[in-house]
Amino acid sequence: MDGVGCLYDGRRVLFAGSRQPYGGMAERTVVSSSRCFPVPDNVGDDVAAAVFNPGLSAWGALAWRAQLAPGETVLILGATGVTGKLAIQTAKLLGAGRVIAAGRNEQVLRTLPDLGADATIRLDKPGQNLAEAFAREGGETGFDVIIDYLWGPPTEALVAAFMRRDMKPASSRVRLVEVGESAGPAISLPAAALRSSRLEILGAGTGSAPASPEMWIEAIRQLMANVASGALHVDTERVPLADVKEVWDRDQRGRRTVIVP
């Protein structure tokens with residue numbers, strides 16, 4: 001649906017929403033001019049193509065859906081994926097005071113402090129132990145924003161960490177933004193978890209995206225500017241179109257596969 005190419009006049013652009021039945025995995029495609037955006041000279045084709053979708057997803061979840069405020073504490077569930085890694089960096093750019101990254105891939109998890117993570121949580125723990133790890137990292141004030149790319153058991157363990165048995169009112173809102181479901185499509189949600197906390201569950205996706213085209217155009221401009229300045233980084237792997245079958249379902253291990261026609 002999206003990629004990087006050159007217009008007839010030679011301008012290099014990022015494009016989105018190819019006109020059906022055409023697509024981006026080709027030497028030529030058909031796209032409305034309103035969905036073509038300039039790529040900075042110092043940003044490579046593969047990086048621009050790789051960062052577009054996950055970069056906007058991270059920004060939309062944090063800035064628009066969660067409305068992250070400077071100084072707030074953010075937890076990223078699924079931080080070792082491409083979008084999770086960009087979410088860490090985006091949260092810092094938006095002024096997050098502390099970012100905690102949770103994931104299963106230990107090798108990638110060790111690299112996340114270099115991207116701005118202040119602490120990490122390994123998700124390969126039994127449910128009760130994981131809930132305790134969440135509660136420990138949340139501390140007295142807890143998390144303000146949670147960006148969830150996993151759902152399923154990890155989210156259930158997180159919700160368990162919110163369960164309060166005292167009579168003290170919760171100190172702040174907790175906005176849990178559901179973005180993906182790589183760990184499972186459903187959770188068991190105890191009613192008491194909502195009554196005993198200020199937990200709010202929101203979704204971030206095409207159905208809840210901002211309707212204003214101007215907002216997205218500005219978001220894309222900022223995204224490309226942050227990549228050009230080095231404030232946002234994404235790891236890529238260039239793969240020839242002829243090899244797409246072999247790599248389509250492969251674990252990307254925190255890298256974004258870019259198909260090159």
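**Figure 1. L189, L194 and I201 make a nonpolar surface patch of about 220 Å².** Patches here are built from residues with over 30% relative accessible area and no salt bridge, joining like charges within 9 Å and nonpolar side chains (Val, Leu, Ile, Met, Phe, Trp, Tyr) within 5 Å. Areas come from Shrake-Rupley with a 1.4 Å probe, and for residues only the protein chains shown count as cover. L189 sits in the loop between strand 8 and helix 6 (191–195). With a relative accessible area of 36%, L189 is partly exposed; that label covers the range between buried (under 20%) and exposed (over 50%), using a 1.4 Å probe and protein chains only. Helices (H or I, at least four residues) and strands (E, at least two) are DSSP runs, numbered from the N terminus.

A quick word on the model: this one is predicted, so local features need pLDDT of at least 70 and side-chain atom pairs count only at pLDDT 80 or more, while totals for chains, interfaces and linings use all residues. Residues are numbered from 1 along each chain as its sequence is written, and side-chain values use heavy atoms, with hydrogens and water left out.

**Figure 2. E72 and R175 form a buried salt bridge.** The closest N and O atoms of E72 and R175 are 2.8 Å apart. The cut-off for a salt bridge is a side-chain nitrogen of Lys or Arg within 4 Å of a carboxyl oxygen of Asp or Glu. Why does this pair tie together parts that are 103 residues apart in sequence? Because E72 is in the loop between helix 1 (45–65) and strand 4 (73–77), whereas R175 belongs to strand 8 (residues 174–178). Both E72 and R175 are buried. By the same 4 Å rule, the model's count comes to 13 salt bridges.

**Figure 3. Salt bridges link E106, R110, R122 and D124 in a network.** Side chains of opposite charge can pair when their charged atoms come close. R110 meets E106 at 3.6 Å, N to O, and R122 reaches E106 with its closest N and O atoms 3.5 Å apart. The R122–E106 pair links distant parts of the chain, with R122 in strand 6 (residues 119–122) and E106 in helix 3 (residues 106–109), 16 residues apart. How accessible are the partners? R110 is exposed at 58% relative accessibility, E106 is partly exposed at 36%, and R122 is partly exposed at 33%.

**Figure 4. Three strands form an open sheet with the order 1-2-3 and antiparallel pairing.** Strand 1 (2–6) and strand 3 stand at the edges with a single partner strand each, so one side of each has no neighbour in the sheet. On average, neighbouring strands of this sheet are turned by 30° against each other, direction ignored. Strands of a sheet pair through backbone hydrogen bonds, either parallel or antiparallel. To count as a pair, two strands need at least two DSSP bridges between them; strands 1 and 2 have 5, in the antiparallel sense. Look for G3, whose bridge partner in strand 2 is F15. Helix 1 packs on the sheet, touching strand 1 and strand 2, and its direction makes about 150° with that of strand 1. Axes are lines fitted to C-alpha atoms (for helices, over the stretch in contact), and angles run from 0 to 180 degrees between N-to-C directions.

**Figure 5. S18 and P21 share the loop between strand 2 and strand 3.** The loop lies between strand 2 (12–16) and strand 3 (36–38). S18 is buried, at 12% relative accessibility. Leaving aside residues up to four places away in sequence, S18 touches M1, G23, G24, T29, V30 and V31, where contact means heavy atoms within 4.5 Å. The peptide bond from Q20 to P21 is cis, with omega near 10°.

**Figure 6. L150 and W151 sit in the loop between strand 7 and helix 5.** The flanking elements are strand 7 (145–148) and helix 5 (152–162). L150 is buried at 12% relative accessibility, and W151 is buried at 13%. Not counting residues up to four places away in sequence, L150 has contacts including L77, L123 and S182. The C-alpha atoms of L150 and E178 are 8.2 Å apart, with these positions 28 residues apart along the chain. W151 has a positive phi, near 60°.

**Figure 7. Q67 is a non-glycine residue with a positive phi of about 55°.** Most residues other than glycine have a negative phi, and most peptide bonds are trans. Q67 lies in the loop between helix 1 and strand 4. Buried or exposed? Q67 is exposed, at 57% relative accessibility.
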